Amino acid sequence: MSANKVWQCITCGWIYSEAEGLPDEDIAPGTAWEDVPEDWCCPDCGMDKSDFTMVEVGSNGLGF
Amino acid sequence: MTAPCIIIGASHAAAQLSLNVRQQGWQGDIIVIGQESFLPYQRPPLSKTFLSGEKTVEDLLIKPESAYEKANVSFRLNTQVVEIDRQNKTVTLNNGDMLEYAKLALCTGATANPLPILGANLKGVHYLRNAHDAIALKSDISSKKHAVIIGGGFIGLEAAAALRQKAMHVTILEAQDAILQRVVSPEVAAFFTQLHESFGVVIRPNSIATSFEGSEAVTAVTCNNGEKIPADVVIIGIGVTPETRLAEQSGLTVKNGIFVNEFAQTNDPDIVAAGDCASYFHEIYQTDIRIESIQNALEQSKSAAASMNNKQIAFSSNIPRFWSDQYDIKLQICGVIDGYDAVEIEQDLEKRVLNALYFRKEKLIAAIAVNNPAWLTKVQPFIKNGEPVNNELIESMRQK
Ligand SMILES: Cc1cc2nc3c(=O)[nH]c(=O)nc-3n(C[C@H](O)[C@H](O)[C@H](O)COP(=O)(O)OP(=O)(O)OC[C@H]3O[C@@H](n4cnc5c(N)ncnc54)[C@H](O)[C@@H]3O)c2cc1C
Ligand SMILES: [Zn+2]
């Protein structure tokens with residue numbers, strides 16, 4: 001799977017790692033950003049998906 | 001027909017709660033009652049980009065009006081709830097109307113602490129809690145004018161950064177030995193002191209404002225040492241008090257906030273509370289706390305919405321998170337920096353590096369990062385899971 005990018009919320013800095021997903025919100029590990037539902041909001045600041053940008057943290061996700 | 005779900009307050013907690021209650025299955029009406037005149041808007045920008053930029057409050061709405069229409073959530077704005085009758089399950093509004101509720105949510109937030117000294121009503125003296133305050137303050141901003149900010153907390157520091165960007169002269173009066181005393185450790189406070197000084201802000205520790213001078217508009221602030229500091233604009237940022245009046249009046253448990261359980265329920269099972277107004281027992285820190293942050297308001301609201309639908313989502317072991325923007329810096333804090341017995345810190349102001357780990361009895365309890373969100377994300381599970389911290393984690397903060 002190539003779903004290994006890392007995205008950052010511009011407003012609050014919260015990180016979405018595709019490799020990790022967001023199991024608490026039923027977003028499975030490996031879920032690509034484009035497959036996160038459009039009505040999803042940032043858990044830390046509540047902003048919409050459109051307020052995220054991609055952060056380059058190497059090619060290997062966050063390396064957890 | 002069942003009575004509606006009523007939400008008091010129309011801000012971050014209420015916006016989330018109202019939509020969540022519907023999402024989680026509430027069939028009846030949902031009514032949000034707010035005393036401000038706007039639909040829920042984002043408060044964080046008020047001390048940041050709103051002051052230095054061109055946005056209007058309408059640009060800051062948390063959700064467009066259509067989102068509430070779609071969820072069939074109705075608003076009564078410019079309306080205050082003045083009383084709750086728990087026996088009869090009604091609320092009374094300031095226009096005399098009485099509404100029945102099946103479930104009630106208190107999302108009343110917090111109010112800026114007043115500074116009741118001589119001259120506090122002069123033109124040019126501002127608070128910074130709501131859009132009304134921010135609009136008034138913004139109209140007073142102009143380059144070369146002098147601003148005196150009372151209180152070196154996050155709101156004061158963010159406002160200082162925004163006003164410096166507008167080329168104002170800025171002085172911060174801090175009553176304690178250093179800024180940010182209440183929230184971070186001395187090293188971090190020193191980092192932010194130097195940051196602000198490097199942008200030309202004057203920080204005066206141990207300075208207490210005793211009166212404001214001027215006949216119509218403020219012209220100076222007098223300090224406890226007798227000194228008068230010229231001021232065209234004053235911002236008072238000396239903390240907030242949770243809005244608990246309705247809860248107290250109706251006999252709900254209040255402990256530095258409306259006290260709720262892990263499901264955001266008050267001691268009345270039909271009444272929930274969420275956001276800045278609510279306090280709770282934190283499972284990991286084993287203490288009663290009240291958190292003032294967006295993330296806290298959002299998470300408690302999700303729990304509260306579940307409770308209103310007779311479901312259970314616990315929030316009380318979630319790790320609090322907070323951010324602050326000042327100049328080119330984004331500060332992020334996770335955890336509660338209180339009662340630590342060891343600190344690991346890496347800092348370099350020039351390079352904009354500040355990473356800190358706080359420990360109690362060898363367990364990680366909090367972390368701070370500047371412009372380093374990926375690292376903070378990596379650190380968080382150690383707090384949440386109470387895992388012992390290895391050298392690798394500490395080294396990771398040095399490698400930045
Ligand atoms: C300038 C500023 C900057 C901030 N920056 C950040 C940040 O960077 N990051 C972060 O995490 N947090 C930040 N915060 C904190 C964050 O905004 C609060 O945690 C959040 O607003 C809490 O939301 P709430 O809905 O609980 O309460 P509030 O936002 O306080 O809203 C409560 C609402 O209820 C209304 N109300 C109260 N009583 C009644 C009544 N009886 N009848 C009708 N209406 C009533 C109030 O008028 C108010 O509109 C900031 C706050 C401010 C003021
Ligand atoms: Zn965010």
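In this predicted model, ligand 1 lies between domain 1 (5-44 + 59-111 + 241-308) and domain 2 (114-236) of chain B, because both domains give residues to the shell around it. The shell comprises 33 residues, of which Ser11(B), Glu36(B), Lys48(B), Arg129(B) and Asp276(B) come nearest to the ligand. By residue class, the shell around ligand 1 divides into 14 nonpolar, twelve polar and seven charged residues. With regard to secondary structure, helix 1 (12-23) and strand 22 (321-326) of chain B each contribute at least two residues to this shell.

Polar contacts to oxygen atoms of ligand 1 were found for both side-chain and backbone atoms of chain B. A polar side-chain atom of Arg129(B), a residue also listed among those that come nearest to the ligand, lies 2.7 Å from an oxygen atom of ligand 1, and a polar side-chain atom of Arg43(B) lies 2.8 Å from an oxygen atom of the ligand. From the backbone, an N or O atom of Ala110(B) is placed 3.4 Å from a ligand oxygen atom. Of the 990 Å² of accessible area that ligand 1 has on its own, the protein covers 96%.

The domain assignment of chain B gives, besides the two domains that flank the ligand, a domain 3 that spans residues 328-396. The centres of domain 1 and domain 2 of chain B, taken over C-alpha atoms, are separated by 31 Å. In the contact between these two domains, seven residues come from domain 1 of chain B and five residues from domain 2 of chain B.

Helix 4 of chain B, which covers residues 131-140, has Ala131(B), Asp133(B), Ala134(B), Leu137(B) and Asp140(B) as buried residues. The buried residues of this helix pack against helix 2 (49-52), strand 9 (125-127) and strand 16 (233-236) of chain B. At the N-terminal end of helix 4, Asn130(B) acts as a cap, with a side-chain oxygen that lies 3.2 Å from the backbone nitrogen of His132(B).

Two residues of chain B other than glycine were noted for a positive phi value. For Ala167(B), phi is near 60°, and the residue is found in the loop between helix 5 (154-165) and strand 11 (169-173) of chain B. Because its relative accessibility is 42%, Ala167(B) counts as partly exposed. Tyr327(B), with a positive phi of about 55°, lies in the loop between strand 22 and strand 23 (329-335) of chain B; strand 22 is also one of the elements that supply residues to the ligand shell. At 19% relative accessibility, Tyr327(B) falls under the 20% limit and therefore counts as buried.

Chain A contains zero helices and three strands, so that its elements, read from the N terminus on, run β-β-β. Of the 64 residues in chain A, 48% are buried. Among the contacts in chain A with a separation of 6 or more, 43% are accounted for by residues 24 or more positions apart. Chain A exposes about 3,400 Å², and carbon and sulfur atoms supply 48% of this area.

Key
Residues numbered from 1 in each chain as written. Chains lettered and ligands numbered in written order. Predicted model: local features only at pLDDT ≥ 70, side-chain atom pairs only at ≥ 80, totals over all residues. Heavy atoms only, no water. Near = heavy atom within 4 Å. Polar contact = N/O pair within 3.5 Å; in protein donor to acceptor, adjacent residues only side chain to side chain. Areas by Shrake-Rupley, 256 points an atom, 1.4 Å probe, with all protein chains shown as cover. Helix = DSSP H or I, 4+ residues; strand = E, 2+ residues; numbered from the N terminus. Nonpolar A, V, L, I, M, F, W, Y, C, P; charged D, E, K, R; others polar. Domains from an automatic or database assignment. Buried < 20%, exposed > 50% of the residue type's maximum accessible area, 1.4 Å probe, protein only. Contact = heavy atoms within 4.5 Å.
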